[in-house]
Amino acid sequence: MSEFDRVYNFSAGPSQMPLWVLQEAQKDMLNYHGTGMSVMEMSHRSKDFQAIIDRAEADLREVMGIPDNYKVLFIQGGGYMQFSMVPLNLLRKTKKADYIVSGGWAKKSAKEASKFGDIKVLASSEDKTFSYIPKVPRSEYTPDADYFYICHNNTLYGTQWKELPVPLDDIPLVVDMSSDILSTEIDVSKCGLIFAGAQKNLGPAGVTIAIVREDLIGFAGPKTPILLDYKTYADNGSMFNTPPTYAIYIAGLMFQWIKNVGGVKELQKINEKKAALLYDAIDASTLFTCPTAKEDRSNMNCLFVTGNADLDKKFIAEAKENGLVNVGGHRTVGGMRASLYNAMPYEGVEKLVDFLQKFDKANK
Ligand code: PMP
């Protein structure tokens with residue numbers, strides 16, 4: 001395989017990157033903009049790196065429409081570390097919080113938060129293998145909760161919130177957007193905190209972005225480890241200690257790419273088209289079914305099964321031979337999962353659909 005023979009990579013993350021981003025990084029690899037060094041070799045205290053992180057933040061603010069009273073923080077530790085940081089920082093008055101458990105990540109997050117406060121799982125869809133987004137009447141929300149938590153896109157189970165829930169009064173909404181940030185327009189002002197690990201729509205693993213309303217910062221208890229306090233990042237421009245410089249630089253290129261392709265609005269349109277193409281093909285097939293509730297289907301992670309583990313294996317192997325890689329479902333779920341993040345082009349989904357239709361005919 002030559003360096004130009006790239007596959008369509010349907011991995012759930014780390015996942016496919018836009019070619020433009022990789023090529024820009026390649027151009028800059030040995031000598032970033034005449035500095036004579038790679039971004040990897042640059043001090044985080046240098047003017048050049050400061051310009052990189054400043055531009056990344058400004059571009060993210062622009063593409064997401066982040067209001068001025070929100071901080072953008074670049075953190076390490078992945079989405080999982082946010083499962084601890086959120087309760088450590090936001091359980092600030094009553095130490096109560098409401099969680100909607102719509103998938104495995106929300107479940108893990110609620111479990112972690114339970115170490116620090118009185119966590120109420122308002123609803124869970126585990127009874128049906130997380131195949132739908134549970135609905136909860138507002139009358140069941142905790143009136144004095146410190147925050148209300150959801151996972152916007154359930155990477156493992158292929159469901160996605162189509163509309164944000166509205167917590168009671170001014171209770172902040174916390175949203176895990178690890179697997180759908182920047183794929184769909186979202187009103188940041190309706191959220192208290194949004195976080196996302198980078199390795200799906202933001203770039204390479206290593207950096208996690210938290211977008212936090214300023215009035216929610218500064219409440220971590222005195223025993224909170226210093227790197228788990230949002231204030232540490234907010235007060236030091238995310239450079240209290242060495243940030244993941246290269247991952248931030250690539251994330252910055254991702255934001256530039258998003259601007260180049262017309263912004264999140266345009267990407268959302270393409271993502272909706274991509275997902276519809278694949279779901280329609282699954283629904284029209286003889287062999288395949290999609291296990292998720294139609295109205296909650298994710299535009300990012302599309303699950304489908306034949307109901308026969310051997311046939312699933314055959315599909316995954318033959319897809320790979322056709323340059324369509326990583327379509328196997330998560331190890332806990334099985335079947336197939338095609339992740340259609342921003343960087344997956346429409347043609348990649350067309351190729352997958354074409355293969356799926358041929359497989360369907362050949363194996364009836
Ligand atoms: N939240 C969601 C929605 C995820 O998909 C993942 C991982 N894929 C996580 C949290 C955990 O993130 P990490 O592996 O970066 O800690």
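Student: How far is an oxygen atom of the ligand from a polar backbone atom of G79?

Tutor: The distance is 3.0 Å. A polar contact is a pair of N or O atoms within 3.5 Å (within protein, one must be able to donate a hydrogen and the other to accept it, and residues adjacent in sequence count only if both atoms are side-chain atoms), so the pair at G79 is a polar contact. This is a predicted model, in which local features need pLDDT of at least 70 and side-chain atom pairs pLDDT 80 or more, while totals for chains, interfaces and linings use all residues. Residues are numbered from 1 along each chain as its sequence is written, and side-chain values use heavy atoms, leaving out hydrogens and water.

Student: Which atoms of T155 and D176 lie 2.5 Å and 2.6 Å from the ligand?

Tutor: In T155, a side-chain N or O atom lies 2.5 Å from a ligand oxygen atom. In D176, a polar side-chain atom lies 2.6 Å from a ligand nitrogen atom. Alone, the ligand exposes 400 Å², and the protein buries 85% of that; such areas come from the Shrake-Rupley method with a 1.4 Å probe (for residues, only the protein chains shown count as cover).

Student: What makes a residue part of the shell around the ligand?

Tutor: One of its heavy atoms must lie within 4 Å of the ligand. There are 13 residues around the ligand, and Y80, T155, D176, Q199 and K200 come nearest. Helix α3, residues 78-90, gives the most to the shell, with four residues. Helices are DSSP runs (H or I, at least four residues), as are strands (E, at least two), numbered from the N terminus.

Student: Why is the pair of Y80 and F83 called tilted?

Tutor: Rings of Phe, Tyr and Trp (its six-membered ring) pair if their centres lie within 6.5 Å; planes under 30 degrees apart are stacked, over 60 edge-to-face, the rest tilted. The centres of Y80 and F83 are 4.8 Å apart and the planes at 50°, so the pair is tilted. Both residues lie in helix α3, three residues apart, about one turn of the helix. By this rule the count comes to 18 aromatic pairs.

Student: How do you know that R61 and E57 form a salt bridge?

Tutor: The closest N and O atoms of R61 and E57 are 3.0 Å apart. A salt bridge needs a side-chain nitrogen of Lys or Arg within 4 Å of a carboxyl oxygen of Asp or Glu, so R61 and E57 qualify. Being four residues apart in helix α2, R61 and E57 are separated by about one helical turn. The structure holds 18 salt bridges.

Student: What is the omega of the peptide bond between G13 and P14?

Tutor: Omega is about -10°, and the bond is cis. P14 is in the loop between β1 (8-9) and α1.
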